[in-house]
Every structure is written in structure tokens, then in C-alpha cells.
Amino acid sequence: MITDEHYESLFAFCRKHYVQYYDVQVELADHLSAAIEERMSNNPKLSFEQALDAVYAGFGIKGFADIVAAREKMVSKQCRKQKWKLFFSYFTVPKIAMTICLYAVLLLLGKILAQDFHRIVLLSAIGFCLIIFEIIHSLKNSKLFKKQIKAMLYTGDRLNGLISSSVIIQITLSSRISKVIDLNVFNYFDYAIISFILLLMFVNILAHRDFIKELYNSAIEKYPLAFSK
Amino acid sequence: MYICSMKKSSLYKGCLEPILLRLLKDHGRMYGYQMTQMVKDITKGELNITEGALYPLLHKLEEQGIVETETEMNGNRMRKYYSLTKAGKKQTSIAMDEMKAFMQSLEYIVNPKIALR
């Protein structure tokens, strides 16, 4: 059996060989320690360092590079898939009821507000609220992961996928406002389309929030030592 | 690339996935090193799966939802276990059928007399 110090030194060995992520290090350290122990039990004269060198040689000329690259690709694809799944969950039963209700309320408000200018003001206000909501969500997100003390590929994707929404809101609204100013045209159809885009942005934020919650719970369960108590 | 330390490695290319699926089906959950050793033991040292082939494939299978992972503390050590998902169990049956059909086809090529019967 290798000692606890030897086991800890395997994490340093991984870092030395360009594996900076704790979740990858955990698997490699376990693999290395099991392989080293077997080599040392087969040949008791072998030192820990000699056994480690021999085991590492088995990883081939690229060392850990292929494993890290494959894991990066896997995590990125998995996160993208999960984000889309959560996004589309707002368009399937039962969450679709909430989505339809929200859109109906927006359309109703558009009908009540007869003047184009008032509709533009309402959409701008909703867009502004969405940006604020997004900022609050991002702050909560970073607070939640403050306890994470070790970098992990598994949670690295949490910041991707939100930045675009506020930008889209800005572009959509500013282009429409300039259209109204220039041509004095902003009919109910325009209002309905922009409302729908805003609704999609809101759903995107909600889906991202769900994703972060799932990711956090899963990361805590799988890698508790990566978080401070 | 897939399997090293054997002269006929190219013959085994493409078979690594069904091999791993079969192992996971038979043993429930396994960790990476355990898989390499089990394959080595079963084939009496004929087949050695390299780490550079094993982990990228396991990660690919995890991304496809065929395998799932759980971690467990073993003393002060953390170990990551792989097991088949529901979809993975179905996929294993398909992979085994494909493997048998492939072996049958090879048999016909290697021993044409069987095909003529």
C-alpha cells in the first residue's frame, strides 16, 4: 500500500503534467495509485518513484493530454445538451402552462396599451428588468460557487450561455425604437414578436438558473472535497 | 491507438466499446483501473487496454448517456465508478448482437466451408 503522502503527491504529479482540474486529477490519482500498488507488490524492490515512472510511461507519449482533451469535450457537450433540455422543458408539460400564461399577459398588456409609444416603453421596462434579473442571477451564481476551492472542468461551464441575452435585448429594442422614431411605425405584430423574444430570454435565464442548481448539487455530491465546509 | 502491447492490435480496433459495455453489464459498477486489469486477466494477458484509449472512450460514453458515474471515498482516497444507464443496458444488448454477427461474418471469411454448408 502506498502512503497518504504518496497519494497526495500524485495530485502534484498531475499538476506538473498539465492537469489543472481537480475532477480529472481525482480519477488519474486513483488510477496511478492502484497501478503503482500492483507494480510494487509484484516487485517489492521497486521504489514509489520508479513505479510511478513506469506507470506514467504506459500513458504513452502524449501523457495525460488526450484524457484531458476528451474530458473537456465531453463536459462541454454534456453541459450544452443539459442546458437545451432544461430550456425546452419550459415548452413542454407542465412548465409550458407558465410560459403560455406569461406570453398571454404580455399580449394582453399590448392590447390594453393602444399607443405605440407606450408599448415601446413597456417592452423597454421589461428588457431592463430582465437585465437586472440576469445580473442578480449571476451574482447569486458566483456566491454559490464561492465555496469551490479547487478548479474543476465539471463546473467550468457554469458561466457560459447567459451573456448574450442582455445584448440581444439591447439590440432588439434599440433597433425597434429607432424604427419608430424614423418611420413612426410600430404595430401590434412588432410588439408580439419582441414580446416573444423577451419571453425566450426570460426562459433562458430560468433554464440557466435550473442548470446551475443541478450542477452545484451534482458537484457537491460527486466531489465534496473540492468545496470548503 | 486503442490497444497496445500486442502484435494484432489492429484486429481489436473498434471492439473496445463492446468489451467495456459487457464488463459493466456483468460487474455492475467498475473503476478505470479495474477494467484494464479485468480485460487483461480474462484474456490471460493477450489484451492490454491503454489508459489513453480507456478514459477518452469512457468520457464519450458518459456524454452519450450510456454510462453514468458516481464517486466514493475509499479511506482518504476518492474513487470514480462507472455503471450502465438504462439506455446503456439497451445499447449493450445491441452491441453484443452486432459483435456476434461480426464474429460470424469473420468465421465465414476465415473458414469458407462453414458458409457453404
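## Exercises on a predicted two-chain model

Glu62(B) is buried, with a relative accessible area of 6%. Keep in mind that this is a predicted model. Let us begin with this residue and work outwards.

### Exercise 1. A salt bridge between chains

**Task.** Find the salt-bridge partner of Glu62(B) and the network that holds the pair.

*Solution.*

1. Start with the partner: Glu62(B) forms a salt bridge with Arg71(A), and the closest N and O atoms are 3.9 Å apart. This falls inside the cut-off, which asks for a distance within 4 Å.
2. Next, check the cover on the partner. Arg71(A) has 2% relative accessibility and counts as buried, because buried means under 20%.
3. Now look for further links: Asp23(A), Arg71(A) and Glu62(B) belong to one network of salt bridges.

### Exercise 2. Two more pairs to compare

**Task.** Describe the salt bridges Asp30(A)–Arg79(B) and Lys62(A)–Asp66(A), and say how buried or exposed each residue is.

*Solution.*

1. Take Asp30(A) and Arg79(B): their side chains meet in a salt bridge of 2.9 Å, N to O. The pair crosses between chains, from helix α2 (residues 22–42) of chain A to strand β5 of chain B.
2. Look at the cover: Asp30(A) is buried at 4% relative accessible area, and Arg79(B) is buried at 11%.
3. Turn to Lys62(A) and Asp66(A), whose side chains meet in a salt bridge of 3.8 Å, N to O. Here Lys62(A) counts as exposed at 54% relative accessibility, while Asp66(A) is partly exposed at 31%.
4. Return to the pair of Exercise 1 and place it: Glu62(B) lies in helix α4 (residues 51–63) of chain B and Arg71(A) in helix α4 (residues 65–88) of chain A, so this pair joins two chains.

### Exercise 3. The interface as a whole

**Task.** How many residues of each chain are in contact, and what area do chains A and B bury between them?

*Solution.*

1. Count the contacts: 29 residues of chain A touch 21 residues of chain B.
2. Add the area: the two chains bury about 2500 Å² between them, with 52% of it on carbon and sulfur atoms.
3. Finish with the charges: 5 salt bridges are found across the interface of chain A and chain B, and the structure holds 13 over all chains.

### Exercise 4. Strand β5 of chain B

**Task.** Why is β5(B) described as largely enclosed, and which strands pair with it?

*Solution.*

1. Go through the strand, residues 77–84: 8 of the 8 residues are buried, so β5(B) is largely enclosed by the rest of the structure.
2. Separate the two faces. Arg77(B), Arg79(B), Tyr81(B) and Ser83(B) are buried on one side, and Met78(B), Lys80(B), Tyr82(B) and Leu84(B) on the other.
3. Follow the antiparallel neighbours. Strand β4 (residues 67–74) of chain B is joined to β5(B) by 8 bridges, with Thr69(B) opposite Tyr82(B). Strand β2 (residues 29–30) of chain B is joined by 2 bridges, and Arg29(B) has Ser83(B) as its bridge partner.
4. Trace the connection: β4(B) and β5(B) make a hairpin with 2 residues between them, and Gly75(B) in the turn has a positive phi of about 70 degrees.

### Exercise 5. A nonpolar surface patch

**Task.** Which residues form the nonpolar patch on the surface, and where does Tyr108(B) lie?

*Solution.*

1. List the members: Phe102(B), Met103(B), Leu106(B), Tyr108(B), Ile109(B) and Val110(B), with about 640 Å² of accessible area together.
2. Place Tyr108(B): this residue lies in helix α5 (residues 86–110) of chain B and is partly exposed, at 37% relative accessible area.

Key. Residues numbered from 1 in each chain as written. Chains lettered and ligands numbered in written order. Predicted model: local features only at pLDDT ≥ 70, side-chain atom pairs only at ≥ 80, totals over all residues. Heavy atoms only, no water. Buried < 20%, exposed > 50% of the residue type's maximum accessible area, 1.4 Å probe, protein only. Helix = DSSP H or I, 4+ residues; strand = E, 2+ residues; numbered from the N terminus. Pairing = 2+ DSSP bridges. Patch = residues over 30% accessible without salt bridge, like charges linked within 9 Å, V, L, I, M, F, W, Y side chains within 5 Å. Areas by Shrake-Rupley, 256 points an atom, 1.4 Å probe, with all protein chains shown as cover. Contact = heavy atoms within 4.5 Å. Buried area = accessible area lost by both parts, 1.4 Å probe.
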